[in-house]
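Colleague: Could you take me closely through one part of this model, the part where charged side chains meet, and then set it beside its surroundings? I am new to this, so please go step by step.

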Amino acid sequence: MGIRKKPNKNPPVMSHEFIIQNHADIVSCVAMVFLLGLMFEITSKFAVSFITVQYNVTISTNEGSEESNLNMFHHGIKDLATIFFYMLVAIIMHAIIQEYVLDKINRKKHFSKTKHSKFNESGQLSAFYLFSFGWGASILLSENFLSNPVSLWEEYPHTLMHFQMKFYYICQMGYWLHALPELYFQKTKKEDIPRQLVYISLYLVHIAGCCDCMLYICNLKGKKKKVLEWCGVCFSLNRLGLVLLVLHYFVEFLFHVSRLVYFSNENRQIGFTVWAVLFVLGRLLTLSLSVLTVGFGLSTAEKQGFDLATGNFNVLFVRVTVLAAICLTQAFMMWKFINFQLRRWREHAQAQTLKKKQVAPKSKSKKDKANGVNGVNSHAADSPRARKEKSS
């Protein structure tokens, strides 16, 4: 993220600089339009599709002698509108954290341009990772996914979700989609854009693959087009995806907090060591859970076969594809991790070499001062000429 400089003169209305400086206010006005739409009966149905979670399904359950209703949610095209609204909310929250927290710290610390950009990035991501980790962990505990790992593949396909889980995925998609326009709003350097596009795309692809994406299927009968249904085209692995997201967010949160601490005091690097150990353990645990769930759990599940209507993709080809995608992603992350560690070690070795070179001339100059001043040897006073001049 680049440094946002506010010039003294107001830029022309609707110019690039005007939009960048006032993007939070503009987006707030757009979000307010949807909120005001709830106040009027004519527009309330339209506004609700943007603000609230859609596609509620009531399921009757028998617990003992009492019958209770359970509210579940599935996916549909209106989820795209909800994701768009919470993308706007993410842009507003991003601007609030930037202006009222990070910018104030930057003024006190007087970071360089490089540190300024990295500090803003770590500050934003650490806040998001902490919030997502806490929220996701609470869902895992309430759903008993940690105490009962078999539930990760039981009752597959997992096309229905509780409110908290579906809202969590919608907010995740909204946040990572908001990161795309933020590249423009934050004046990101051209050399940093490819790196950020890579990890933003990885997040979007994997989150969309865990929850249910949509595909519009049509059945053509003569000249009439009959809509059959919306159905999941990904893998309905939202339970496994939630566990892996919480694990990954915890490790990433440690990294960005360690980087923030490092910027405040460069001698405090113990956080990077803790993060390095947990990063490797996180990759191993991710692979283990993925192989256990997809490789062994789904292969022994009751519902086998490929059925778009029910969202069942439990066939060998799909399972191998999912595991291959996860393994390739983990290998890519390990490759980046190894390069990062090697670069740190090289920089540390260069810093140690420079310190030794600086210490050597200092020690030599001290020795010269002990033998004489300004290059004159102290033993020169004992020379024959000096003794002769002294006697005379």
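Modeller: In this predicted model, R259 and E121 form a salt bridge in which the closest N and O atoms are 3.5 Å apart. R259 belongs to helix 8 (residues 238-264) and E121 to helix 5, so this pair ties together parts of the chain that are 138 residues apart in sequence. How exposed or buried is R259? With a relative accessibility of 13%, R259 counts as buried, because buried means under 20% relative accessible area. E121 is buried as well, at a relative accessible area of 5%.

E121 has a further partner, for its side chain also meets that of R195 in a salt bridge, at 3.3 Å from N to O. This pair, too, links distant parts of the chain, since E121 sits in helix 5 (residues 113-143) and R195 in helix 7, 74 residues apart. R195 is partly exposed, with a relative accessible area of 38%, whereas E121 is buried. Taken together, E121, R195 and R259 are linked in a network of salt bridges.

Helix 8 also holds L254, a residue that is partly exposed, with a relative accessible area of 21%. The C-alpha atoms of L254 and S126 are separated by 8.0 Å, although these two residues are 128 residues apart along the chain.

It helps to set this network against the rest of the structure, where a search of the whole finds four salt bridges. One of them joins E17 and K187, whose closest N and O atoms are 3.1 Å apart. Here again the pair links distant parts of the chain: E17 lies in helix 1 (residues 16-21), while K187 lies in the loop between helix 6 (163-185) and helix 7 (193-210), 170 residues apart. Both ends of this bridge are partly exposed, E17 with a relative accessible area of 23% and K187 with 31%.

The UniProt record, an unreviewed entry, gives a useful frame for these positions, since its annotation "transmembrane region" covers residues 20-40, 80-102, 123-147, 197-217, 237-262, 274-296 and 316-338. Looking at what the model shows over two of those stretches, the chain is 84% helix and 0% strand over residues 123-147, with the end C-alpha atoms 33 Å apart. Over residues 274-296 the chain is 100% helix and 0% strand, and there the end C-alpha atoms are 32 Å apart.

Charged residues also gather on the surface, where K104, R107, K108 and K109 form a positive patch. Within this patch, R107 lies in helix 4 (residues 78-109), and at 55% relative accessibility R107 counts as exposed, because exposed means over 50%.

A nonpolar surface patch offers a contrast in character, being made by M32, L35, L36, L38, M39, F40 and V48 and having an area of about 640 Å². Its largest share, three residues, comes from helix 2 (residues 23-37). L35 is placed in that helix and is partly exposed, with a relative accessible area of 38%.

To return to the part you asked about, the picture to keep is a network of salt bridges linking E121, R195 and R259, in which E121 is buried, R259 is buried and R195 is partly exposed.

Methods:
Residues numbered from 1 in each chain as written. Predicted model: local features only at pLDDT ≥ 70, side-chain atom pairs only at ≥ 80, totals over all residues. Heavy atoms only, no water. Patch = residues over 30% accessible without salt bridge, like charges linked within 9 Å, V, L, I, M, F, W, Y side chains within 5 Å. Areas by Shrake-Rupley, 256 points an atom, 1.4 Å probe, with all protein chains shown as cover. Lys, Arg positive; Asp, Glu negative; His and termini not counted. Charge placed at Lys NZ, Arg CZ, Asp CG, Glu CD. Helix = DSSP H or I, 4+ residues; strand = E, 2+ residues; numbered from the N terminus. Buried < 20%, exposed > 50% of the residue type's maximum accessible area, 1.4 Å probe, protein only. UniProt positions renumbered as here; feature names shortened; annotations may be inferred.
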